[in-house]
Amino acid sequence: MKLSHLIDGEWVAGDASAPSINPSNTEEVVAHYPLGGAAEVDAAVAAARRAFGGWAAASPEARSDLLDRVGSAVMARAAELGELLAREEGKTRAEATGEVMRAARIFKYFAGEALRRHGRTLESTRPGLDVEVWREAVGVVGLITPWNFPIAIPAWKAAPALAFGNTVVLKPAQHTPAVAHALAAIIAECGAPAGVFNLVLGQGQVGAAIAAHGDIDAISFTGSQAVGGKVAQAAVARGARVQLEMGGKNPLVVLADANLDRAVAIALDGGFFQTGQRCTASSRVIVEDAIHDRFVAALAERASALRVGAALDPATEVGPASNESQYEQNLRYVDIATADGGRLVTGGDALRLDTPGYYMRPALIADTAPDMRINREEVFGPLVSTVRVKDYDEALAVANQGDFGLSAGIVTTSLARARHFRRNVRAGMVMVNLPTAGVDYHVPFGGTRGSSYGPREQGFAAVDFYTQMKTVYVGD
């Protein structure tokens, strides 16, 4: 596939290009994508600015109809898009198809929200005056999205932006451009007016150009803390709105009263599925001493039995790392954890399969201390560490350590402990007897501390970022 930018309703080729590699078979090039830069961003932003007035003033029904058509088209092509996503990102076919369906549902949800934007009428304190408060679109929105959910995250940013009358410039991750290109093509085919949705492909320079662009009114970013900080500085310096999602180091607390089999299944799902490449993954498991050794043995047994393989192999349960740099980081953190004193219980080694790919056996590392790097830094791979604690109070204290606060979970049969935990853990999302990963598309998404900055994403909360309030006084 040879990909192009989508700017002002036209497909625009680039002079230089780079390959998107299949992580299940590194000898296969999925697509070649153009290396965009400041010039392409300028053109896309100018097109979005020209289109903004008409799109913002359009009937909400027109916006709703567009999003509904996009959702239906994505749903109808779920098998095709799922296969492309699996080839390019490395998820299993089932995981990839599930993500595509999630994206379709997001567009359909916001098709409804486009019709539900509302305001208020208030009585003024002054006789003879009326006060009206309503929401209106912010303007041109820049979206910078990661590779781990290459269709769902662009959907949950673009759908509300478009629903509420904004125009969009999307920069997807360099490792998954073909999936974003396919989504952009569907949006265009479904009748988005020229300039309403624009796609600029490329590497870091495209994101930097979006962050610094003086005619972009708001930026929504998902990625690392380091890059997110730079995006925020550039946006705030010129007064643009900014929304950041920057990952997690999510604790799963397992208490001694928990059903052991259920706790192991929850940790296995949250820690290893989708190759651990979820910002909500259960990457550190905090276990009461009374069951710690039994839990570790049972989790190691289940983890070692997971079948690692190519994304499109129906027997595969854990796919490859999405790209070479992530693969090398996964292996490096196994060494870091063991050098710091952790005990490698199972996995952590590179695998050589029928096709060359970024395969690693899921790793479980026990006997770690809360302040070890493996428990403070986001790895973003199939690595789970365990921390032994004496009781619930220590478990909660350990869970609240660190710079992240996205998702947290507890496995227990005690209603009192579950209630106390969900009220006192420092996280934006809390799961009780569930994996820390796995959220619905119609409820707010976001964390505390270094995980998130700005208004929440998704669901009914999305209106807060993608609209601004206007207060109008009306006299006689």
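Two strands count as paired here if DSSP finds at least two bridges between them. Keep that in mind while touring this predicted model.

**Stop 1: the seven-stranded sheet**

Select β12, residues 251–254, and β17, residues 407–411. These two strands run parallel and share three bridges. Now pick Leu 252; facing it in β17 is Gly 409.

Widen the selection to the whole sheet. It is open, has seven strands and mixes its pairing. Read across in the order β14-β15-β16-β13-β12-β17-β18. β14 (343–346) and β18 (429–432) form the edges, each pairing on one side only. From one strand to the next, the twist averages 25°.

**Stop 2: Thr 448**

Go to the loop between β18 and β19 (452–453), where you will find Thr 448. Is Thr 448 buried, partly exposed or exposed? Its relative accessible area is 26%, so Thr 448 is partly exposed; the buried class ends at 20%.

Show the neighbours of Thr 448. Leaving out residues up to four places away in sequence, Thr 448 touches Phe 404, Gly 405, Arg 426, Ala 427 and Gly 428. Then select Gly 248. Gly 248 and Thr 448 are 200 residues apart along the chain, yet 9.7 Å separates their C-alpha atoms.

**Stop 3: strand β10**

Select β10, residues 218–222. Why is this strand described as largely enclosed by the rest of the structure? Five of its five residues are buried, so the surroundings largely enclose β10.

Colour the two faces separately. In a regular strand, side chains alternate between the two faces of the sheet. On one side of β10 sit Ala 218, Ser 220 and Thr 222; on the other sit Ile 219 and Phe 221. Both faces are covered.

Next, add the partners of β10. Strand β7 (residues 140–144) runs parallel to β10 and is joined to it by four bridges. Strand β11 (residues 241–245) also pairs with β10 in the parallel sense, over five bridges. Ser 220 marks both pairings: Leu 143 stands opposite Ser 220, and Ser 220 stands opposite Gln 243 in β11.

**Stop 4: the largest pocket**

Stay with β10 and turn on the pocket surface. The largest pocket has a volume of about 940 Å³. Its lining counts 36 residues. Closest to the centre are Trp 147, Phe 221, Gly 223, Ser 224 and Val 227.

Which elements each supply at least two lining residues? They are α7 (204–212), β10, α8 (225–237) and α11 (324–339). Highlight α8, which gives the most to the lining, with six residues.

**Stop 5: the cores**

Hide the pocket. The largest nonpolar core has 64 residues. Select Val 70, Val 74, Phe 107, Phe 110, Ile 151, Phe 197 and Tyr 466, which have the most contacts inside that core. Zoom in on Val 70. Setting aside residues up to four places away in sequence, Val 70 touches Phe 107, Ile 186, Ile 187 and Cys 190.

A second core, separate from this one, has 26 residues, including Val 264, Ala 267, Leu 268 and Val 296.

**Stop 6: the three-stranded sheet**

Finish on the open sheet ordered β5-β6-β20, where the pairing is antiparallel. β5 (120–123) and β20 (467–474) are the edges; each has a single partner strand, so one side of each lacks a neighbour in the sheet. The twist again averages 25° from one strand to the next.

Select β5 with β6 (residues 130–137). Four bridges hold this antiparallel pair. Label Arg 120; Val 133 in β6 stands opposite.

Methods. Residues numbered from 1 in each chain as written. Predicted model: local features only at pLDDT ≥ 70, side-chain atom pairs only at ≥ 80, totals over all residues. Heavy atoms only, no water. Axes fitted to C-alpha atoms, helices over the stretch in contact; angles between N-to-C directions. Core = buried A, V, L, I, M, F, W, Y, C linked by side-chain atoms within 4.5 Å. Buried < 20%, exposed > 50% of the residue type's maximum accessible area, 1.4 Å probe, protein only. Contact = heavy atoms within 4.5 Å. 1 Å grid on protein atoms, 1.4 Å probe; cavity = no way out; pocket = protein on both sides within 12 Å on 5 of 7 lines; lining within 4 Å. Points joined across faces, edges and corners; volume = space filled by probe spheres on them.
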